[in-house]
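Q: Please take a close look at the surroundings of the ligand and walk me through them step by step. Which classes of residue make up the shell around the ligand, and how many of each are there?

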Amino acid sequence: METRRLDAEVLIVGGGPAGSAAAIACAQAGLRTCLLERHADAKDKPGEGLHPGVEPLLRELGVAQGLQAASRARFAGVWVGWGGPPRFEAFGEDQDGPWLGYQVSRARLDTALQERAGALGAERRYGSGAQEPIVEQGRVIGLRLEDGTECRSKMLIDASGPARWLARKLDLPQRERSPRQIVRYGYVRGHCPVRDEAPALSADDSGWTWTARVDDDVYQWARMDFEGHSSRDEPPSEFAGMERIGATRGADATWRVTQSAGPGWLLAGDAAANLDPTSSKGVLKALLSGTMAGRTAVAIVQRGADEAQGGAAYRRWIEGWFDTDVTALAAMYAKLGADAFG
Ligand SMILES: Cc1cc2nc3c(=O)[nH]c(=O)nc-3n(C[C@H](O)[C@H](O)[C@H](O)COP(=O)(O)OP(=O)(O)OC[C@H]3O[C@@H](n4cnc5c(N)ncnc54)[C@H](O)[C@@H]3O)c2cc1C
């Protein structure tokens with residue numbers, strides 16, 4: 001049987017915010033770009049609460065209208081009870097009024113970003129995941145898809161999120177700065193007026209719980225125990241009596257940064273660096289690191305920048321950012337006596 005071939009200057013694995021932002025940056029610069037997403041249809045998933053800082057970023061990416069279409073509610077801050085009574089922590093304000101975060105449908109936001117990449121000329125392939133990287137003399141020169149298609153590239157950007165496809169395939173070096181953590185989360189339907197105005201984060205010396213409204217009558221909860229794996233299956237008491245939607249799920253929330261650049265490849269988004277979701281900035285960081293990875297690829301592939309130097313600068317940026325966030329988060333956790341973090 002003849003092997004199907006696909007050639008692109010930049011191949012991007014994963015159609016989440018990191019992968020789409022990278023595809024937009026590459027396609028905008030005129031590179032032959034291909035975005036590969038395993039799922040044929042965009043799925044709703046965690047990451048619905050967006051920091052107001054995403055707004056200028058999405059405008060810059062040309063997706064301001066997509067943000068409006070995906071938006072289901074706005075909120076001015078978060079109720080935080082960190083070892084004490086809850087206080088409202090506003091995002092901030094300027095002469096135009098308070099800065100407002102967004103509650104969005106991730107399926108809609110991800111689709112808007114992917115469509116923007118497509119409108120700029122990026123090819124999009126859905127329904128078949130990246131299976132194996134193709135490596136020649138230590139350099140990644142492409143990948144094989146699950147459907148057998150062989151794809152060649154000058155630069156491959158892995159934005160596969162928690163799947164960490166390339167890191168697993170190449171056994172890339174990583175630093176972990178927390179004990180292994182699993183966050184448990186789930187969704188409920190009904191009405192919880194106390195949670196309609198703004199999300200809440202409450203923590204004591206055993207761990208933290210996050211609750212938020214994510215649609216008209218849908219709410220999300222998440223729980224992380226400092227002692228390791230949370231075994232919580234039930235929604236928190238705030239959502240008692242509400243209808244559960246689907247099963248409780250788990251997500252790896254170990255604080256981890258992976259070597260994010262090498263010969264022929266870059267990592268972006270959660271695939272590059274991951275913290276637990278306490279700060280609610282995962283999507284913002286995915287958009288920023290995807291854009292930076294895309295610009296790094298443009299500099300190397302199109303403008304002939306030195307790949308080792310470009311990759312090293314990108315790595316320093318990812319790791320510096322991660323270490324700064326780890327310091328801040330570890331200090332928060334230490335206040336509750338959780339000192340195995342950081
Ligand atoms: C419980 C929980 C709550 C959260 N809440 C928030 C929040 O309120 N706000 C916030 O900003 N962040 C939140 N986050 C974090 C946020 O979800 C992530 O940081 C964000 O989605 C990362 O984007 P990404 O593009 O790196 O990865 P993803 O959004 O995970 O996208 C990765 C994409 O890659 C695809 N893929 C995977 N493997 C392959 C493969 N082999 N081939 C092709 N495609 C592949 C996947 O299908 C997926 O579409 C939360 C996380 C959790 C676990």
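A: Sorted by class, the shell around the ligand holds 15 nonpolar, 12 polar and six charged residues, and this description, like everything that follows, concerns a predicted model. Altogether 33 residues surround the ligand, and the closest of them are Glu37, Gly49, Ala130, Asp270 and Val283.

Backbone atoms also take part in these surroundings. A polar backbone atom of Pro17 is 3.3 Å from an oxygen atom of the ligand, while a polar backbone atom of Ala18 is 3.0 Å from an oxygen atom of the ligand. For Pro46, a backbone N or O atom lies 3.0 Å from an oxygen atom of the ligand. Taken on its own, the ligand has 1,000 Å² of accessible area, and the protein covers 91% of that area.

Turning to the secondary structure, the elements that contribute two or more residues to the shell are α1 (17-28), β3 (33-37) and α6 (282-301), and among the elements it is α6 that gives the most, with three residues.

A pocket can be described in a similar way. The second largest pocket has a volume of about 590 Å³, and of the 25 residues that line this pocket, Glu89, Thr278, Ser279, Ser280 and Lys281 are the closest to its centre. Its lining receives at least two residues from each of β4 (49-50), β6 (77-82), β7 (87-90) and α7 (307-334), and by class the lining divides into 13 nonpolar, six polar and six charged residues.

Conventions
Residues are numbered from 1 along each chain as its sequence is written. This is a predicted model: local features need pLDDT of at least 70, side-chain atom pairs count only at pLDDT 80 or more; totals for chains, interfaces and linings use all residues. Side-chain values use heavy atoms; hydrogens and water are left out. A residue is near a molecule or strand if one of its heavy atoms lies within 4 Å of it. A polar contact is a pair of N or O atoms within 3.5 Å; within protein, one must be able to donate a hydrogen and the other to accept it, and residues adjacent in sequence count only if both atoms are side-chain atoms. Accessible areas come from the Shrake-Rupley method with a 1.4 Å probe; for residues, only the protein chains shown count as cover. Helices (H or I, at least four residues) and strands (E, at least two) are DSSP runs, numbered from the N terminus. Ala, Val, Leu, Ile, Met, Phe, Trp, Tyr, Cys and Pro count as nonpolar, Asp, Glu, Lys and Arg as charged, and the others, Gly among them, as polar. On a 1 Å grid over the protein atoms alone, a cavity is a set of points where a 1.4 Å probe fits but cannot get out, and a pocket is an open set with protein on both sides within 12 Å along at least five of seven lines; lining residues have an atom within 4 Å of a point. Grid points are joined across faces, edges and corners, and a volume is the space filled by probe spheres set on the points.
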